[in-house]
Amino acid sequence: MTINDGSGAIDPWALLLETDWSSVDHCCPNSAPTTSVILARLLDDDEDVQRTAVHDLWQAVTHQNSIYGATAPAARFVVAILGHPRTMTLGVYLHEERRRPMRAALLQWLGDLADDANLDEDGPGEPDDVAAVRAILPLVYEAAQPFLVDADLLIREAAVHAAAMTLAAPELAVHIPKLVPLVRSTLSTSEYRGYRYLAERCLVTWGVEPGPLADPRVSCLEDGYSDDPPF
């Protein structure tokens with residue numbers, strides 16, 4: 001069931017309550033909070049609790065790039081809260097070393113998830129779980145759109161990453177021409193090496209000349225990362 005407030009926006013709290021979290025799993029159930037607790041803590045009043053929740057989301061719900069039963073419903077919740085003011089909490093999140101808003105980290109998490117889901121034919125998880133994530137990739141693409149021109153560069157980078165990673169899905173490939181200039185101008189010039197790698201990988205995959213990177217002396221595809229991301 002689609003839960004919205006009449007404007008098309010998903011109500012994250014209704015989504016949280018509607019989902020039967022006991023029927024889905026994530027990694028490390030004995031050492032990490034349940035998925036519903038992790039998600040609720042993303043919007044906690046305590047900023048340290050929020051930062052820990054992002055860590056738990058990454059470590060438990062998509063542990064080592066794997067997809068679980070809880071991953072798709074968790075991603076729907078994350079999509080629903082992207083515009084919430086509480087997602088602007090600053091911190092050091094995920095693969096980054098730069099201090100940035102949590103919103104950027106959540107967009108990066110969604111992009112990483114999209115990349116994992118499209119990595120190979122079978123995907124890194126049970127077929128039904130991977131299929132559930134692939135089914136919401138259009139939702140991830142649309143959720144990233146408002147932030148592609150965000151005033152905050154780090155949010156903008158993460159939004160371009162999230163949108164670009166969904167385009168391996170055949171039904172979303174039509175959007176590649178729109179993303180090419182954004183990948184060139186935003187990810188290819190990022191201070192974060194991982195984004196520069198992904199920018200070049202995307203452009204090459206799309207059959208587009210990648211052009212020079214931010215540092216023309218270093219090509220990510222020639223620097224030991226032709227097969228695996230530099231994370």
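Which residue forms a salt bridge with Asp115? The partner is Arg201, and the closest N and O atoms of the two are 2.7 Å apart. That contact has its own view below, in a set of legends for a predicted model.

**Figure 1. The whole chain is built from ten helices and two strands.** Let us start with the overview before moving in. Reading from the N terminus, the order of elements is α-α-α-α-β-β-α-α-α-α-α-α. The chain has 231 residues, and 50% of them count as buried. Among contacts with a separation of 6 or more, 60% are made by residues 24 or more positions apart. The exposed area of the protein chain is about 10,800 Å², with carbon and sulfur atoms supplying 52% of it. Six salt bridges turn up in a search of the whole structure, and several of them appear in the views that follow.

**Figure 2. Helix 3 spans residues 47-61 and turns one side to its neighbours.** From the first C-alpha to the last, the 15 residues of helix 3 reach 20 Å, close to the 21 Å expected at 1.5 Å a residue. Look along the helix for its buried residues: Gln50, Ala53, Val54, Asp56, Leu57, Ala60 and Val61. They lie on the same side of helix 3 because they cover an arc of only 165° around the axis. The cover over these buried residues includes helix 2 (35-41), helix 4 (71-81) and helix 5 (102-117).

**Figure 3. Asp46 and Asp48 meet at the N-terminal end of helix 3.** Here Asp46 acts as the cap, with a side-chain oxygen 2.8 Å from the backbone nitrogen of Asp48. Asp48 also takes part in a salt bridge with Arg51, where the closest N and O atoms are 2.9 Å apart. Both partners of this bridge, Asp48 and Arg51, belong to helix 3 and sit three residues apart, about one turn of the helix. How accessible are the two? Asp48 counts as exposed, at 51% relative accessibility, while Arg51 is partly exposed at 23%.

**Figure 4. A salt bridge joins Glu157 to Arg98.** The N to O distance between these two side chains is 2.7 Å. This pair links distant parts of the chain, 59 residues apart: Glu157 is in helix 8, and Arg98 is in the loop between strand 1 (90-91) and strand 2 (100-101). Are the partners buried or exposed? Glu157 counts as buried, at 2% relative accessibility, and Arg98 counts as buried too, at 16%.

**Figure 5. Asp115 and Arg201 connect helix 5 with helix 10.** Here is the salt bridge from the opening question, with its closest N and O atoms 2.7 Å apart. Its partners are 86 residues apart and link distant parts of the chain, with Asp115 in helix 5 and Arg201 in helix 10. Asp115 counts as buried at 14% relative accessibility, whereas Arg201 is partly exposed, with a relative accessible area of 22%. Elsewhere, salt bridges that share partners join Glu96, Arg98, Glu157 and Glu191 into one network, so the Glu157 and Arg98 pair of the previous view can be found again in it.

**Figure 6. Thr71 is a buried residue of helix 4.** The relative accessible area of Thr71 is 0%, and the residue counts as buried. Which residues does Thr71 touch, not counting those up to four places away in sequence? They are Val61, Thr62, Ser66, Trp109, Leu113 and Val133. Val61 will be familiar from the earlier view of helix 3, where it is one of the buried residues.

**Figure 7. Gly83 is an exposed residue between helix 4 and strand 1.** Gly83 lies in the loop joining these two elements, and its relative accessible area is 56%. Beyond its neighbours within four places in sequence, Gly83 is in contact with Arg103 and Phe147. The C-alpha atoms of Gly83 and Pro146 are separated by 9.1 Å, although the two residues are 63 residues apart along the chain.

**Figure 8. Helix 9 (residues 176-187) has its buried residues covered by other helices.** Ile176, Leu179, Val180, Leu182, Val183, Thr186 and Leu187 are the buried residues to look for in helix 9. Their cover includes helix 7 (137-144), helix 8 (153-165) and helix 10 (193-205). Two of these helices have been met already: helix 8 holds Glu157, and helix 10 holds Arg201.

Methods: Residues are numbered from 1 along each chain as its sequence is written. This is a predicted model: local features need pLDDT of at least 70, side-chain atom pairs count only at pLDDT 80 or more; totals for chains, interfaces and linings use all residues. Side-chain values use heavy atoms; hydrogens and water are left out. Helices (H or I, at least four residues) and strands (E, at least two) are DSSP runs, numbered from the N terminus. The expected span of a helix is 1.5 Å times one less than its number of residues. Buried means under 20% relative accessible area, exposed over 50%, partly exposed in between (1.4 Å probe, protein chains only). The arc is that of the directions from the helix axis to the C-beta atoms. Contact means heavy atoms within 4.5 Å. A polar contact is a pair of N or O atoms within 3.5 Å; within protein, one must be able to donate a hydrogen and the other to accept it, and residues adjacent in sequence count only if both atoms are side-chain atoms. Accessible areas come from the Shrake-Rupley method with a 1.4 Å probe; for residues, only the protein chains shown count as cover. A salt bridge is a side-chain nitrogen of Lys or Arg within 4 Å of a carboxyl oxygen of Asp or Glu.
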